[in-house]
Amino acid sequence: MDEKIIEVKCRFCGKDIECPSAMQHIEDHCCSECYEKINDGDIKPEEGIKDIHVDIPMCDFIDNLAEDATENLFPLIWKEYKKEKATLSKKELARAMFTTGFAAALDFLSGDPEQEEPDE
Ligand SMILES: [Zn+2]
């Protein structure tokens, strides 16, 4: 991971935010606060937010997502982890869980794409 971080401006409030250079080509950037306001309906972008880079602090993002989603998405892996890593805090567990589960899900999705094509 030697991705460069560049500085861009939030489209809505003009605040300086960070953006990985890989997402530099996206025209719109949005800070996490404005993104929350968009979700709450306080800001209404005219053209939608399809191609927008949001500067969500990654650790918060994963923590929230992990705690919300892992137990529901990956109950079996979650159970195994609970057995083996009982010394971890719930948050650590959730994060480890999410990373593992997510990687497993990606493996699964990229494993056999031919079966997933009803296009013909
Ligand atoms: Zn903003």
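## A guided tour, starting at Ile 52

Begin by selecting Ile 52, which, once residues up to four places away in sequence are set aside, touches Ile 26, Asp 28, His 29 and Cys 30. This is a predicted model, and Ile 52 has its place in strand S4, which covers residues 52–55. If you draw a distance from the C-alpha atom of Ile 52 to that of Cys 30, you will find a separation of 6.9 Å, although the two residues are 22 apart along the chain. Is Ile 52 buried or exposed? It is partly exposed, because 19 other C-beta atoms lie within 10 Å, whereas a buried residue needs 20 or more.

Next, keep Cys 30 selected and add Val 8, Ile 17, Cys 31, Cys 34 and Val 54, since these six residues together make up the largest nonpolar core. In soluble globular proteins, nonpolar side chains tend to be buried together. Within this core, select Cys 31 and look for its partners, which, not counting residues up to four places away in sequence, are Cys 10, Cys 13, Lys 15, Ile 17 and Asp 55.

Now move to strands S1 and S2, which pair in the antiparallel sense over five bridges. Within this pairing, Glu 7 stands opposite Glu 18 in S2. Between the two strands, S1 at 5–9 and S2 at 16–20, runs a loop in which you can select Gly 14. What does Gly 14 do in the hairpin of S1 and S2? In this hairpin, which has six residues between the strands, Gly 14 takes a positive phi near 80°. Gly 14 is exposed, because 10 other C-beta atoms lie within 10 Å, and the limit for an exposed residue is 12 or fewer. From here you can return to Cys 30, whose C-alpha atom is 8.8 Å from that of Gly 14, with their positions 16 residues apart along the chain.

Finally, show the whole protein, which has four helices and four strands and, read along the sequence, follows the pattern β-β-β-α-β-α-α-α. Of its 120 residues, 12% count as buried, and among contacts with a separation of 6 or more, residues 24 or more positions apart account for 41%. Colouring by pLDDT is a useful last step: the mean for the protein is 70, and 41% of the residues reach 70 or more. Among the elements, S1 has the highest mean pLDDT, at 89, while helix H4, residues 90–111, has the lowest, at 60. Where pLDDT is low, the predicted coordinates should not be read in detail.

How values were computed
Residues are numbered from 1 along each chain as its sequence is written. A nonpolar core is a set of buried Ala, Val, Leu, Ile, Met, Phe, Trp, Tyr and Cys residues joined through C-beta atoms within 7 Å. Two residues are in contact if their C-beta atoms, placed from the backbone, lie within 7 Å. pLDDT is the predictor's confidence in each residue, from 0 to 100. Two strands pair if DSSP finds at least two bridges between them.
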